[in-house]
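Let's take a walk through this structure together, from its strands to its cores and helices. Please have the sequence and the model open as you read.

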Amino acid sequence: MTAPTKARRNPPFRAEHIGSLLRPRELKDAFKAHSAGEIGDEAFEAAKRAAIRDVVAMQEGLGLDMVTDGEFRRKSYWGHWVDAIDGFDVAPSLFTFHDETGEEQTFIAADCVGPLNKVAPISTDEFAFLKTAVESAEPKITMPSPSTLHFWRMSDTITGSGYATDEAFFDDLCAIFRQETADLAALGCRYVQLDEVPLIMLGSPAVCERVRALGGDPDRLFDLYIEAMNAAVRGRGDVVAGMHMCRGNFRGKWLSEGGYDLISEQVFQRVDVDAFMLEYDTGRAGGFEPLRHVPDDKSVVLGLVSSKDPDLEAAEDLKRRIDEAARYVGRERLSLSPQCGFASTVAGNPVAEEDERAKLETIVRVAEDVWT
């Protein structure tokens, strides 16, 4: 297949994806075999490298101007931060995932047990290899937002850590974020995406009620997390920072639902990132009216394509929805993507690799039709 003409060369690109991609069976087997002690580190690394080269070639073959390594080196989208930072452990979350049937799924979350100190590479090794696998596209690195390493246990996160306040915890954590971004930039990275879940959850009255029942203050947390995000991306220089606002993504389940109406003005006007990557794949996300609060110097990536559902979206429906969003944000500042990654953990969402490929190909082709 001949790759379509490139749309533009500055992130975010007209056709985007959010980061994680379905792990091939060979890679899943390698994770299991390595965990069981059946293969060593060298064989495991070889399996990861082979899978990353293949998935990068797939993305470039579809005509994407940006690529990731699919998060193929990670067990989850945030776990590598816990592994690389002394002072982090894991503990049960105070929240659960659910689906349209009401079925719930528990999960573990970051827990702070001592002063934070980075003791191993976080994403720099990922980027260094990804860069060698790319021919012409822009490599993007994804990372969890600071709030996702706190919210699931709220202030319980720092119990017994030695930190007297949440603010003191975030001071140290955000310093690690800034250093990580600087280290990535030194390797040539110019595009990072922070995956932010708590801010959109705090736009849900049901979630706010849950927070209060657990002894938390939703308004205080909302301000705390905006300040933490800004501290994390401060001083990034020429690195483009995008913030993906996610309602949770685990095997097709989610953490919250509801539109951006209650939080859009505060988030869009106060958060100091270059682009907002927004989930708009179902009616649960509400309408596009909140986009009127996006400042003129920021871009919006519309997550109109579902990574949770194998059904392929119709190109004409996607174009119509882009037209609707363009009533509130200039078309030149819009892009198209899936609403989230296809595999926030090794297990992945309930879609097949051929579904993933078809969805990414549709995004590329629709973007070419709309913006060329």
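Leu302 is a good place to begin: its bridge partner in strand 12 is Leu336. Helices (H or I, at least four residues) and strands (E, at least two) are DSSP runs, numbered from the N terminus. Please keep in mind that this is a predicted model, in which local features need pLDDT of at least 70, side-chain atom pairs count only at pLDDT 80 or more, and totals for chains, interfaces and linings use all residues. Residues are numbered from 1 along each chain as its sequence is written, and side-chain values use heavy atoms, with hydrogens and water left out.

**Strand 11 and its partners**

Two strands pair if DSSP finds at least two bridges between them. The pairings of strand 11 (residues 299-305) are set out here.

| Partner of strand 11 | Sense | Bridges |
|---|---|---|
| Strand 10 (residues 275-279) | parallel | five |
| Strand 12 (residues 334-338) | parallel | five |

On the strand 10 side, Glu279 has Gly303 of strand 11 as its bridge partner. Seven of the seven residues of strand 11 are buried, so this strand is largely enclosed by the rest of the structure. Buried means under 20% relative accessible area, exposed over 50%, and partly exposed in between (1.4 Å probe, protein chains only). Strand 11, helix 10 (residues 315-325) and strand 12 form a right-handed β-α-β unit; right-handed here means that, with the strands pointing away from the viewer, the path from the first strand over the helix to the second runs clockwise.

**The nonpolar cores**

A nonpolar core is a set of buried Ala, Val, Leu, Ile, Met, Phe, Trp, Tyr and Cys residues joined through side-chain atoms within 4.5 Å. The largest one has 88 residues, and Leu302 is among those with the most contacts inside it, together with Phe88, Phe151, Met245, Val267 and Leu291. Helix 8 (residues 218-233) supplies the largest share of this core, 10 residues. Apart from this core lies another, of 24 residues, including Ile52, Val67, Phe342 and Ala343.

**Helix 8**

How many residues does helix 8 have, and how far does it reach? Helix 8 has 16 residues and reaches 23 Å from its first C-alpha to its last, close to the 22 Å expected at 1.5 Å a residue (the expected span being 1.5 Å times one less than the number of residues). At its N-terminal end, Asp217 acts as a cap, with a side-chain oxygen 3.0 Å from the backbone nitrogen of Asp219. Beyond the helix comes Gly235, whose phi is positive, near 75°. Its buried residues include Pro218, Leu221, Phe222 and Leu224. Among the elements that cover the buried residues of helix 8 are helix 5 (166-186), strand 9 (240-245) and helix 9 (264-270).

**Two polar residues**

Gln266 lies in helix 9 and counts as partly exposed, at 36% relative accessibility. Not counting residues up to four places away in sequence, Gln266 touches Phe222, Ile226 and Val271 (contact means heavy atoms within 4.5 Å). The side chain of Gln266 also makes a polar contact with the side chain of Arg270 (2.8 Å). A polar contact is a pair of N or O atoms within 3.5 Å; within protein, one must be able to donate a hydrogen and the other to accept it, and residues adjacent in sequence count only if both atoms are side-chain atoms.

Is Asp166, in helix 5, buried or exposed? Asp166 is buried, with a relative accessible area of 3%, and its side chain makes a polar contact with the side chain of Ser155 (2.8 Å).
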